[in-house]
Amino acid sequence: MAIRNPHPPASLSKAELKHLKALSTKKGREVAGLFLLDGWKPVAEVLASPWQIESVVVDPGRIPASGASVLQECVRRGVGVRHGTSSDLRSLSDVVHDQGIVAVVRSRRFALDDLPSVGDLIVLDAVADPGNVGSLIRTADWFGMSGVVLGPGCSSVNNEKVVRATMGSLFHLPVVEVDDLSVACSTLDRKGVILAGAEVAGGGWRSWVPEARIALVLGSESHGISAGVRALLKIRVSIPKAGRAESLNVAGAGAVLLSSIAEHRKAGLHATS
């Protein structure tokens, strides 16, 4: 729901609050093509990206010094601004301690063709936990991956917990959601991208990275990589166990393997198209 920007900002109405609360549900986000974003820094990240903010709700009693420039930029762009109470902000945020600002952001849909023609990728197969999905998007951004592909069973990229866990990285690289991950991986294979899967019975992880582009595939912790995608893997890699932990969290395993990719590329073996 877009809110026209008054001057000075008017208070959020009950009807507007009701519409915004609907974006807390998956159905509401899908129907409106919008999602909620909490926090001053994430809102600043959106303003520095091609993504579009439709409106913001601000608690006027909790505007930090750095927040003034954020609101000025919103006004300059014609973004609707409303003043909300602390209760309003709490009802729109899914965190215990909200920061006094919630933005309504226009969703963006990316396709495989929107991925850059160079650079490595990460592919998530039925990773359902939103915190893990968001953390992996953030980690992919940190280590310079060029994009992320989410298959069925993954938490939606517009889920509030996913968005928050990315810490703004969602707005830095394309995240593609596909209906059939086997088909998507076959398409990447035809484009010359080498599919590498993290599996318990895989090879060593210190010297596994090929010179060509790769897509690191991570499956769910309970079921691993699905059979259709596993059949397309050219490389299987594992992280050796040294302690007594039963397993690695998928986000932790992804960080280790993405780090090894980044180190390999830094050494001069660049990913090519």
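Here a biologist and a modeller talk through the aromatic rings and the empty spaces of a predicted model.

Biologist: Let's start with the rings. What makes Phe35 and Trp51 an aromatic pair, and why is the pair called edge-to-face?

Modeller: Two rings pair if their centres lie within 6.5 Å. Phe35 and Trp51 are 6.1 Å apart, centre to centre, so they form a pair. Planes over 60 degrees apart count as edge-to-face, and with 80° between the planes this pair is therefore edge-to-face.

Biologist: Where in the chain do these two residues sit?

Modeller: Phe35 belongs to strand 2 (residues 34–38), while Trp51 is in the loop between helix 3 (40–47) and strand 3 (53–58). They are 16 residues apart.

Biologist: Why is the pair of Trp51 and Phe110 called tilted?

Modeller: Stacked needs planes under 30 degrees apart and edge-to-face needs over 60, with the rest counted as tilted. Trp51 and Phe110 have 50° between the planes, so the pair is tilted. Their centres are 6.4 Å apart. Phe110 lies in the loop between strand 5 (101–106) and strand 6 (121–125), so this pair ties together parts that are 59 residues apart in sequence.

Biologist: How do you know whether Trp51 and Phe110 are buried or exposed?

Modeller: Buried means under 20% relative accessible area. Trp51 has 7%, so Trp51 is buried. Phe110 has 16% relative accessibility, so Phe110 counts as buried too. Phe35 is also buried.

Biologist: Which residues make up the aromatic cluster?

Modeller: Phe35, Trp51, Phe110 and Phe171 form one cluster. The structure holds three aromatic pairs.

Biologist: Now to the empty spaces. Why is one space called a cavity and another a pocket?

Modeller: In a cavity a 1.4 Å probe fits but cannot get out, whereas a pocket is an open set, so the way out decides the name. The structure holds one cavity of 30 Å³ or more, and the space in the largest cavity is about 40 Å³. Phe110 turns up again here, lining the cavity with Arg108, Arg109, Val157, Val175 and Glu177.

Biologist: What makes three of those lining residues nonpolar and three charged?

Modeller: Phe and Val count as nonpolar, and Glu and Arg as charged. Phe110, Val157 and Val175 are therefore the nonpolar ones, and Arg108, Arg109 and Glu177 the charged ones.

Biologist: How much space lies in the largest pocket, and which residues lie nearest its centre?

Modeller: About 690 Å³ lies in the largest pocket. Its lining has 25 residues, with Glu199, Val200, Ser247, Leu248 and Ala253 nearest the centre.

Notes. Residues numbered from 1 in each chain as written. Predicted model: local features only at pLDDT ≥ 70, side-chain atom pairs only at ≥ 80, totals over all residues. Heavy atoms only, no water. 1 Å grid on protein atoms, 1.4 Å probe; cavity = no way out; pocket = protein on both sides within 12 Å on 5 of 7 lines; lining within 4 Å. Points joined across faces, edges and corners; volume = space filled by probe spheres on them. Phe/Tyr/Trp six-rings, centres within 6.5 Å; stacked < 30°, edge-to-face > 60°. Helix = DSSP H or I, 4+ residues; strand = E, 2+ residues; numbered from the N terminus. Buried < 20%, exposed > 50% of the residue type's maximum accessible area, 1.4 Å probe, protein only.
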